[in-house]
Amino acid sequence: MAKNTFTLTDNRNGNSYEYNVIDGTRGPSVVDISTFYKDSGMFTYDPGYTSTASCDSKITFIDGENSELRYRGYDIADLAGKHSFLDVCYLLMRGSLPTEDASKNFDLEIRHRSFLNEGLIRIFDALPDGAHPMATMGAATMALAAFYKDHLNLEDDKQFKIMRRRIVAKMPTIAAMAYRNSIGTPLIYPDVNRYFTENFLYMLRAYPGGSMKRLPDGTNEEIKQIEVDALDAIFTLHADHEQNASTTTVRNVGSTEAHPYVAISSGIAALWGSAHGGANEKVMDQLKMIGDIKNVPSFIAKAKDRNDPFRLMGFGHRVYKNRDPRAECLKGLQDQLRVELKLDSKLLDIAAAVEEAALSDDYFKERGLYPNIDFYSGVILTALKIPVEMFTPIFVIGRTPGWISQWSELKQDPKHKIARPRQLYTGN
């Protein structure tokens with residue numbers, strides 16, 4: 001009978017080392033090499049951790065070959081646009097979708113926890129106009145650790161729940177205030193009569209006193225339900241994505257016994273990079289650079305030229321070798337917004353032309369370079385009149401329940417250790 005083990009042989013001396021194979025419920029099995037250094041005196045070498053499992057998790061599953069993304073076993077297509085973002089938050093943090101009563105109670109608690117301590121708000125005054133909202137969000141989230149220092153030592157499940165719900169509730173307020181601070185306009189407080197996502201749009205758009213933009217006909221420009229639904233779906237699609245760079249950062253900082261909000265602020269810092277959460281900003285910058293539909297063929301040709309450093313942003317993904325399932329959800333949403341909001345944006349036309357050209361080109365199809373979530377989310381957020389500098393903060397709002405769920409899973413794992421990768425030293 002075959003053993004569920006894996007043998008590594010050092011061909012220099014013939015020494016062999018046998019390790020257990022651990023099978024998950026889905027996805028690749030792993031070889032437990034935790035004693036490899038003790039056994040052999042060597043480290044393994046895996047830049048970018050492309051073949052390394054750093055933890056076991058029950059939260060999110062990705063099958064990149066088959067374009068599959070699941071939260072707690074639910075296919076993303078069955079969640080985005082079909083369940084509210086707050087219900088998805090509940091799912092990630094609690095392990096199951098809420099009942100109708102639990103959903104209502106969770107919504108109410110989030111509304112009332114969305115306010116910030118006045119001392120924290122004064123921190124915004126110390127930051128300059130023009131500061132990028134991500135810088136401000138990182139600082140404000142770090143500061144939350146000072147206002148809720150009791151979260152450093154959580155002793156029971158009730159404290160865990162309060163800590164998690166508090167950060168989810170406050171992140172849209174922090175994001176909206178960070179933006180308004182960056183442009184030097186008065187801060188708007190949350191409105192407990194509004195749902196999570198509508199409240200965020202309200203805090204971005206409202207005038208002091210709570211009034212919305214006044215129109216020539218004497219009415220106010222109210223927030224449309226389709227805008228709320230679209231942004232709610234975007235939050236859901238960003239809610240978690242397995243052990244990506246920012247989530248791994250949150251887990252690594254969490255492994256040091258740091259305050260949970262300090263771990264979240266480190267995730268914000270990691271997400272800010274243009275190779276991670278800032279990618280949709282780069283998509284919009286590139287569409288502006290293309291400038292006109294007539295220029296699309298020449299830019300497609302540049303992307304195919306091996307001698308040209310130009311890279312088409314928003315296409316392809318490190319994990320998904322076929323289509324990005326999140327992009328598939330957003331494609332339908334983009335088409336719906338274009339019709340229902342009567343959009344006629346030049347950038348949207350250029351994006352549609354780029355998409356059509358790439359999807360009909362064998363070069364892109366053979367390499368699995370399909371539009372990813374960054375391509376569609378940037379276009380949709382532009383359609384929702386979201387400033388480009390707020391694209392990554394919106395990613396933060398969506399990803400916060402995933403980060404705090406991953407942090408909680410780490411803390412409740414009796415096997416967790418402080419993160420301490422090794423290195424291949426090549427210096428003097």
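Trainee: Let's start with the sheets. In the open sheet with the order 1-2-3, how do the strands pair, parallel or antiparallel?

Mentor: The general idea: strands of a sheet pair through backbone hydrogen bonds, in a parallel or an antiparallel way. Here we have a predicted model, and its open sheet of 3 strands, ordered 1-2-3, uses antiparallel pairing. Strand 1 (5-9) and strand 3 (30-31) are the edge strands, each pairing on one side only.

Trainee: Over how many bridges do strand 2 and strand 3 pair?

Mentor: Strand 2 (residues 16-22) runs antiparallel to strand 3, and the pairing covers 2 bridges. To find the register, look at V21, which sits opposite V31 in strand 3.

Trainee: And which strands are the edges of the sheet with the order 4-5-6?

Mentor: That one is also an open sheet of 3 strands with antiparallel pairing. Strand 4 (60-63) and strand 6 (74-75) are its edges, and each pairs on one side only. Strand 5 (residues 68-71) pairs with strand 6 over 2 bridges, in the antiparallel sense. For the register, take Y71, which stands opposite Y74 in strand 6.

Trainee: On to helix 6 (residues 157-183). What span should its 27 residues have?

Mentor: Use the rise of 1.5 Å a residue: helix 6 should span 39 Å, and its end C-alpha atoms lie 40 Å apart, which agrees. There's a bend to spot as well: a kink of about 30 degrees at K170, shortly before the proline P172.

Trainee: What do I find at the start of helix 6, and what follows the helix?

Mentor: At the start, a side-chain oxygen of D156 comes to within 3.2 Å of the backbone nitrogen of K158. After the helix comes G184, with a positive phi, near 75 degrees.

Trainee: Why is helix 6 described as largely enclosed?

Mentor: Count buried residues, meaning those under 20% relative accessible area. In helix 6, 21 of the 27 residues are buried, so the rest of the structure largely encloses it.

Trainee: Which residues have the most contacts inside the largest nonpolar core?

Mentor: That core has 109 residues, and those with the most contacts inside it include Y71, F196, L231 and I386. Helix 6 supplies the largest share, 12 residues. The core also draws at least three residues from each of domain 2 (72-269) and domain 3 (276-382).

Trainee: How is the chain divided into domains?

Mentor: Into domain 1 (3-52), domain 2 (72-269) and domain 3 (276-382). Taken over C-alpha atoms, the centres of domain 1 and domain 2 are 40 Å apart.

Note on methods. Residues are numbered from 1 along each chain as its sequence is written. This is a predicted model: local features need pLDDT of at least 70, side-chain atom pairs count only at pLDDT 80 or more; totals for chains, interfaces and linings use all residues. Side-chain values use heavy atoms; hydrogens and water are left out. Domain bounds come from an automatic or database domain assignment. Two strands pair if DSSP finds at least two bridges between them. Helices (H or I, at least four residues) and strands (E, at least two) are DSSP runs, numbered from the N terminus. The expected span of a helix is 1.5 Å times one less than its number of residues. The bend at a residue is the angle between axes fitted to the seven residues ending there and the seven starting there. Buried means under 20% relative accessible area, exposed over 50%, partly exposed in between (1.4 Å probe, protein chains only). A polar contact is a pair of N or O atoms within 3.5 Å; within protein, one must be able to donate a hydrogen and the other to accept it, and residues adjacent in sequence count only if both atoms are side-chain atoms. A nonpolar core is a set of buried Ala, Val, Leu, Ile, Met, Phe, Trp, Tyr and Cys residues joined through side-chain atoms within 4.5 Å.
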